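Colleague: I should be grateful for a close look at a single part of this model, followed outward into its surroundings. Please state for each step which residues support it.

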Amino acid sequence: MSKETSVPRTHRIGQIGAMLSLISLLAYLSLSAGVANHVRFLYASLVKVATKLGIGL
Amino acid sequence: MNVVYALVTLLAVTIAAWRLARSERAGELLAQWCVLGATLFFGIIYLLGGSAILFGGHWLKLPNLAATSVIVLAATFVWQRFTAPVHAPRPGRVFTAIADELRAIRHEASVPASLIVSLAAATLLFVSALSLFDYPRGFEAGAYHIPLGVEFFRAGSLQSFAASGDVADAGFTFTYPANTSIWYGFLLQWLPEKLAGLGQLPFLLILLPTIYGLSRNLGADRPAAAIAATALLSVPMIAFGSLELGSDLSGLAFVGLALYLLTLRQVLTARQLLLAGFAAGLAFGFKSLHINSIAILGVLTLWLAWRNHHAGSTASAMAAMSRAAVIFSAGVVLTAAFWVIRNWLQHDNPLYPVHLGALFDTLGFARAWDYNFGGVAYSELEWVKSTWRWPFYPWEEWHFIDQNFKATAGTGAYVAAVLMPAMLLSLVRLFSRQREPLLAPLLVGAVLVILLWVVQDVRQPRYTLAVLLFALPLSAWLISSATGMARRVIDIVSATAIGLMLFVVASKQMVEFGDRHVYSGQSARHAFYDYPAVIDKLPDGAVVINLASRPWNYSLYGVALRNHLVPSQESRGRIAHASTGYPDDLGTRFDMVLDAKELSKRRATHVFIIGEASLRSDGCVGFREIARMDRNPLNNQQLKAPRLVFEIVACEQQAADRP
């Protein structure tokens with residue numbers, strides 16, 4: 001696999017970047033009120049559909 | 001016939017712009033084509049709409065627009081015939097270059113990167129298709145963007161909208177630079193309303209390759225650049241914003257094009273500078289906030305010009321900077337000056353409604369009748385619990401009363417996971433001698449956007465969206481920097497973050513579609529906007545006074561936009577005197593006295609209001625309730641506040657009606 005780039009492959013920055021981004025993604029998943037609200041929104045919608053179809057959730 | 005005029009206009013402008021674009025590189029050619037096309041399109045509209053302001057008449061009509069566009073196209077051919085022979089680039093060559101680039105991305109990308117790019121394309125198609133069932137949406141879209149566009153083409157002029165001839169404007173929001181409104185007004189002239197509701201999508205389609213191109217300019221590899229471009233679509237404010245008729249994406253697209261053109265090559269050519277200036281000026285026309293972006297682009301222009309000459313003498317560097325500044329500024333002035341001059345002529349203040357206190361008083365610049373600088377700082381509490389939490393916003397994404405992701409809230413997982421570390425690490429990288437030439441300008445640009453946002457009063461996260469233009473390429477740089485296992489990790493993190501947000505966007509649109517169109521059957525206009533159906537059946541020439549809140553403005557034009565409107569801002573500011581305040585749809589009972597003379601000036605025939613209102617007038621005018629919507633038509637539950645339509649009747653008629 002060849003990638004045409006002028007960015008030097010700086011191992012240290014790449015490695016730190018990968019680690020930081022993984023930690024940052026985990027932090028986001030734990031803290032994001034947006035995601036939590038969206039999950040609640042989807043669950044409420046699911047309950048609404050289930051009720052309409054006569055399925056108890 | 002309007003369809004023909006509109007297509008002739010678009011075709012003529014497209015061909016003229018294509019003939020004027022010139023470059024060996026497909027990306028640059030496309031960017032030039034977009035900027036030149038938009039410059040010609042809006043330039044012709046400024047000419048027609050401005051002539052109507054200066055000389056009277058109704059010049060801004062589609063037939064005039066089509067005729068002028070054809071004249072401009074003919075002039076382009078003639079001009080090129082008598083100047084140096086120019087061979088217009090062949091579209092086939094550009095399409096081949098794009099196809100080659102896409103093939104190369106597919107060949108070079110890892111599995112997660114390929115998957116996420118394909119998934120993003122599928123999501124964009126899916127949510128766009130679902131949105132085709134919706135009427136135009138958006139808070140500011142309904143409040144002023146679309147009403148202003150409708151009124152521009154009705155009046156055949158680009159004057160600020162005012163329902164009465166003896167006032168200059170219906171409210172300060174109708175006086176802002178309004179390229180966005182022009183665009184929506186133009187679309188509504190010839191497209192079905194629902195299709196016009198996708199009016200922001202073209203700008204998203206400009207933004208995606210722009211981010212890709214910026215990332216490549218910085219030196220990122222193709223898969224990393226593709227991930228950065230795809231990540232743009234995963235930002236909720238961008239994704240949901242592209243499905244509403246706001247002005248954020250359109251402004252952003254032209255700032256992006258300006259930045260792309262400025263960063264294309266080491267030596268700034270006059271053409272690059274001029275077109276970057278055009279793009280920056282157009283961005284101001286779409287959203288006046290981009291006066292900040294113009295300042296930042298100006299700083300970058302000087303910096304890049306200086307850097308390319310700093311090996312020579314100070315005098316040559318100064319000369320290069322002066323040349324760059326003059327050409328870039330000339331471009332900005334040519335595309336942005338129209339709005340400044342219009343506001344000076346029409347409102348006695350070039351920056352109306354902005355008023356800089358004693359300085360503007362000295363210069364004799366007028367204050368806006370309804371513009372209030374104070375009391376807006378608190379509005380940030382919609383997005384953060386307190387000011388000091390802003391640095392954590394990308395991770396927290398809090399929104400008041402537990403609201404969801406939307407066009408004004410949410411930066412998404414990629415910004416938190418990859419973009420923020422990329423900004424931090426590019427700062428570290430600046431201390432290295434091997435740093436990439438564009439790393440510092442892009443990082444400084446991103447920081448300047450944030451700093452200017454911090455010092456201004458109104459702090460909404462969407463006002464920082466220009467950061468994405470500078471920082472997404474930095475994230476591509478970070479991804480490109482990684483090799484081996486680190487690259488696999490960062491590819492997977494990026495794909496996960498983007499995939500998560502694409503799921504959020506697609507699932508929200510799907511639920512809303514199911515709710516609106518499958519469950520609630522809101523396919524009719526009145527059902528979609530939730531107003532009494534009588535609004536769609538008012539007699540021709542009906543003039544509706546909107547006493548409800550601003551976002552109701554657009555819906556009250558009714559089906560096929562047959563009604564005339566007195567917008568909420570003007571109605572509440574000049575016609576109504578509420579003794580108990582405006583309840584803003586919360587259901588409080590309130591009394592309101594309407595000025596009979598002001599009603600008469602506007603030839604008002606109907607009043608729309610939300611809330612249990614007692615309406616009176618100070619003259620010989622009465623109000624007869626003709627429609628009341630106090631229950632949800634779907635589940636028959638009581639609404640918090642009834643939606644009422646009154647017919648305005650003269651006293652004699654009112655007396656005759658009494659039993």
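Modeller: The account below starts from one strand, passes to the strands beside it, and then turns to helices and to the contact between the chains.

The model is predicted, and its local features are considered where pLDDT is at least 70.

The strand in question is β5 of chain B, residues 606–610. How many of its residues are buried? The count is 5 of the 5, so the strand is largely enclosed by the rest of the structure. The criterion for a buried residue is 20 or more other C-beta atoms within 10 Å of its own. In general, side chains in a regular strand alternate between the two faces of the sheet. In β5(B), B:His606, B:Phe608 and B:Ile610 point one way, while B:Val607 and B:Ile609 point the other way. Both sets are buried.

Two pairings of this strand may be described. With β1(B), residues 543–546, the strand β5(B) pairs in the parallel sense, over 3 bridges. Within β5(B), B:Val607 has B:Ile545 opposite it. With β8(B), residues 638–650, the sense is antiparallel and 5 bridges join the two strands. Here B:Val645 in β8(B) is the residue opposite B:Phe608.

Strand β8(B) leads on to a further strand. It pairs with β7(B), residues 621–631, in the antiparallel sense over 9 bridges. In this pairing B:Glu625 faces B:Phe646 of β8(B). The strands β7(B) and β8(B) form a hairpin with 6 residues between them, and B:Asn636 in that hairpin adopts a positive phi near 65 degrees.

The domain assignment gives a wider setting. Chain B is divided into domain 1, made of 110–134 + 199–347 + 411–454 + 467–523, and domain 2, which covers 525–657. The C-alpha centres of these two domains of chain B are 43 Å apart.

Two helices of chain B invite a comparison of span and burial. Helix α5(B), residues 111–131, contains 21 residues, which at 1.5 Å a residue should span 30 Å; the end C-alpha atoms are 30 Å apart, in agreement. Its buried residues are B:Pro112, B:Ala113, B:Ile116, B:Val117, B:Ala120, B:Thr123, B:Leu124, B:Val127 and B:Ser131. They lie on the same side of α5(B), because the arc they cover around the axis is only 130 degrees. An α-helix has 3.6 residues a turn, so residues three or four places apart point the same way. The other side of α5(B) carries the exposed residues B:Val111, B:Ala122, B:Leu125 and B:Ala129. Among the elements that cover the buried residues of α5(B) are α10 (222–233) and α21 (484–519) of chain B.

Helix α14(B), residues 291–309, has 19 residues; from first C-alpha to last it reaches 27 Å, close to the expected 27 Å. Its buried residues include B:Asn292, B:Ile296, B:Leu300 and B:Leu304. The buried residues of this helix pack against α12, α13, α15, α19 and α20 of chain B.

Chain A, by contrast in its listing, has 2 helices and 0 strands. Of its 57 residues, 28% are buried. Between the chains, 33 residues of chain A are in contact with 44 residues of chain B. Each of the helices α1 (11–31) and α2 (33–52) of chain A supplies at least two residues to the side that touches chain B. The most comes from α1(A), with 15 residues. Sorted by class, that side of chain A has 15 nonpolar, 15 polar and 3 charged residues.

One residue illustrates this contact. A:Ser21 belongs to helix α1 of chain A. Is A:Ser21 buried or exposed? With 31 other C-beta atoms within 10 Å, A:Ser21 is buried. Leaving aside neighbours within four places in sequence, the residues in contact with A:Ser21 are B:Ala417, B:Val418, B:Pro421, B:Ile490 and B:Val493. Along the chain A:Ser21 and A:Arg40 are 19 residues apart, and their C-alpha atoms are separated by 26 Å.

A last residue of chain B offers a counterpoint. B:Phe95 is placed in helix α4, residues 91–108. It counts as exposed because 11 C-beta neighbours lie inside 10 Å, the limit for exposure being 12 or fewer. The C-alpha atoms of B:Phe95 and B:Ala26 are 8.4 Å apart, although 69 residues separate the two along the chain.

Terms used
Residues numbered from 1 in each chain as written. Chains lettered and ligands numbered in written order. Predicted model: local features only at pLDDT ≥ 70, side-chain atom pairs only at ≥ 80, totals over all residues. Contact = placed C-beta atoms within 7 Å. Helix = DSSP H or I, 4+ residues; strand = E, 2+ residues; numbered from the N terminus. Nonpolar A, V, L, I, M, F, W, Y, C, P; charged D, E, K, R; others polar. Domains from an automatic or database assignment. Expected span 1.5 Å × (residues − 1). Pairing = 2+ DSSP bridges. Arc of directions from axis to C-beta.
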